[in-house]
Amino acid sequence: MLAPWAEGMLPLGIILVLVTGMGGLPSGVQHLFYGKPKAVGVDYWDRYLGKRDAELTASAAAQK
């Protein structure tokens, strides 16, 4: 007979694996399809700065 605390470890382990798996599954799929994690919290300003930086680096590369 198992100790009472040991009997609760199996359901706890199952719940832990399922919750962790459901949290990691979208990240894994995103990484599989796109090769990088999804950008979280990117708004208009972040996209504007990314476009500006790309233009600046392109113009700097053209000047060389």
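Is Val 29 buried, partly exposed or exposed?

**Exercise 1. Classify Val 29 and place it on the surface.**

Solution. The model is predicted: local features need pLDDT of at least 70, side-chain atom pairs count only at pLDDT 80 or more, and totals for chains, interfaces and linings use all residues. Residues are numbered from 1 along each chain as its sequence is written, and side-chain values use heavy atoms, with hydrogens and water left out.

- Step 1. Val 29 has a relative accessible area of 36% and is therefore partly exposed. The classes are buried (under 20% relative accessible area), exposed (over 50%) and partly exposed (in between), with a 1.4 Å probe and protein chains only.
- Step 2. Val 29 belongs to helix 2, residues 9–34. Helices are DSSP runs of H or I with at least four residues, strands are runs of E with at least two, and both are numbered from the N terminus.
- Step 3. Val 29 joins Met 22, Leu 25, Leu 32, Phe 33 and Tyr 34 in a nonpolar surface patch of about 750 Å². Patch residues have over 30% relative accessible area and no salt bridge; nonpolar side chains (Val, Leu, Ile, Met, Phe, Trp, Tyr) are joined within 5 Å, like charges within 9 Å. Areas come from the Shrake-Rupley method with a 1.4 Å probe; for residues, only the protein chains shown count as cover.

**Exercise 2. Describe the overall form of the chain.**

Solution.

- Step 1. Three helices and zero strands are present, in the order α-α-α from the N terminus on.
- Step 2. The radius of gyration is 23 Å, well over the 11 Å that the globule rule gives for 64 residues, so the chain is more spread out than a compact globule. This radius is taken over C-alpha atoms, and the rule is 2.2 Å times the number of residues to the power 0.38.
- Step 3. The C-alpha trace spans about 75 × 20 × 15 Å along its principal axes.
- Step 4. Of the 64 residues, 0% are buried. The chain exposes about 6,000 Å², of which carbon and sulfur atoms supply 71%.

**Exercise 3. Compare sequence separation with C-alpha distance for three residue pairs.**

Solution.

- Step 1. Ala 6, in helix 1 (residues 4–7), is partly exposed at 21% relative accessibility. Its C-alpha lies 58 Å from that of Arg 52, 46 residues apart along the chain.
- Step 2. Leu 18, in helix 2, is exposed, with a relative accessible area of 55%. Leu 18 and Ala 58 are 40 residues apart along the chain, and their C-alpha atoms are separated by 46 Å.
- Step 3. Ile 14, also in helix 2, counts as partly exposed at 46%. From Ile 14 to Lys 38 the separation is 24 residues in sequence and 28 Å, C-alpha to C-alpha.

**Exercise 4. Find the salt bridge and class its two residues.**

Solution.

- Step 1. A salt bridge requires a side-chain nitrogen of Lys or Arg within 4 Å of a carboxyl oxygen of Asp or Glu. By this rule the count is one.
- Step 2. Arg 52 and Asp 53 form it through their side chains, at 3.0 Å from N to O.
- Step 3. Asp 53 is partly exposed at 35% relative accessibility, and Arg 52 is partly exposed at 39%.
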